[in-house]
Amino acid sequence: MNRIYTQQPSSFIPFSFIGQFGRKIRIIQAGVFLFLAVPLWLATEAIAPQIVQAYTARVDLAIDRLPEENYETVLRRAEAAARAAAQRSFDQDILVTDVSIIVSVQNYGAIAPVIALDVSRLQWKQRPDPQRWVTYFKTARSLLFFETQTAIPDPTPAVVPPATATPPKVNEPTQP
């Protein structure tokens, strides 16, 4: 005496009529959960978005001192090189959020960092002036021997001519 149902009645409710409504109720609940989950997910993404994979670009530049160039001119060339490198770094990669540039100068074999430029993309976009964001190294002038170049002594020693002196007098015995 087994009965075969074309529709499975609800296991919780023994009446077949009520079981059909139970199945519809479950479908409605699933739809409600689905329609509530999507806006909830969108709201959480809007409030707390996922972390962006951004990074800092680091650039080391080295420039040589040109003949007859003073320290202030070297600084201006270093600032121009740092400005170009910062703009190039931001233009090449959109994920770069910060740029860190160190410009070193070589002068007669001595190498020292002269300036460091640390700037974010937002700061650079608001004001792309390297003098605003640059850090100057105060000891670079002396490390590169810019202070002592004007006072370098002549490497050949000066020859002092001997003084003309009179020979000492010698007392000679007198003869009568």
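Is Glu68 buried or exposed? Glu68 is exposed, with a relative accessible area of 79%; here buried means under 20% relative accessible area, exposed over 50%, and partly exposed in between, with a 1.4 Å probe and protein chains only.

This report describes a predicted model, in which local features need pLDDT of at least 70 and side-chain atom pairs count only at pLDDT 80 or more, while totals for chains, interfaces and linings use all residues. Residues are numbered from 1 along each chain as its sequence is written, and side-chain values use heavy atoms, with hydrogens and water left out.

## Overall organisation

The secondary structure of the chain comes to five helices and four strands. These are DSSP runs numbered from the N terminus, helices being H or I of at least four residues and strands E of at least two. Along the sequence, they follow the pattern α-β-α-β-β-α-α-β-α. Of the 176 residues in the chain, 23% are buried. Among contacts (heavy atoms within 4.5 Å) with a separation of 6 or more, 56% join residues 24 or more positions apart. The chain exposes about 14500 Å², of which carbon and sulfur atoms supply 62%; accessible areas come from the Shrake-Rupley method with a 1.4 Å probe, and for residues only the protein chains shown count as cover.

## The sheet and its helix

The four strands form an open sheet in the order β1-β2-β3-β4, with mixed pairing. Two strands pair if DSSP finds at least two bridges between them. Strands β1 (55-64) and β4 (134-136) stand at the edges with a single partner strand each, so one side of each is left without a neighbour in the sheet. From one strand to the next, the twist averages 20 degrees.

Strands β1 and β2 (residues 96-107) pair in the parallel sense over ten bridges. Within this pairing, Ala62 stands opposite Ser104 in β2, and Asp64 stands opposite Gln106 in β2. The chain crosses from β1 through α2 to β2 in a right-handed β-α-β crossover; right-handed means that, with the strands pointing away from the viewer, the path from the first strand over the helix to the second runs clockwise.

Helix α2 (residues 71-92) lies across β1, β2, β3 (110-120) and β4, and runs at about 150 degrees to β2. Axes are lines fitted to C-alpha atoms, for helices over the stretch in contact, and angles run from 0 to 180 degrees between N-to-C directions.

## The nonpolar core

The largest nonpolar core has 28 residues, and those with the most contacts inside it are Val99, Ile101, Val114, Ile115 and Leu117. Such a core is a set of buried Ala, Val, Leu, Ile, Met, Phe, Trp, Tyr and Cys residues joined through side-chain atoms within 4.5 Å. The elements giving two or more residues to this core are β1, α2, β2 and β3, and α2 provides the largest share, eight residues. Leaving aside residues up to four places away in sequence, Val114 touches several residues, including Tyr71, Leu75, Val103 and Tyr136.

## Residues with positive phi

Most residues other than glycine have a negative phi. Two residues that are not glycine have a positive value here.

| Residue | Phi | Location | Relative accessible area |
|---|---|---|---|
| Glu68 | about 60 degrees | loop between β1 and α2 | 79%, exposed |
| Phe145 | about 60 degrees | segment after α5 (140-143) | 45%, partly exposed |
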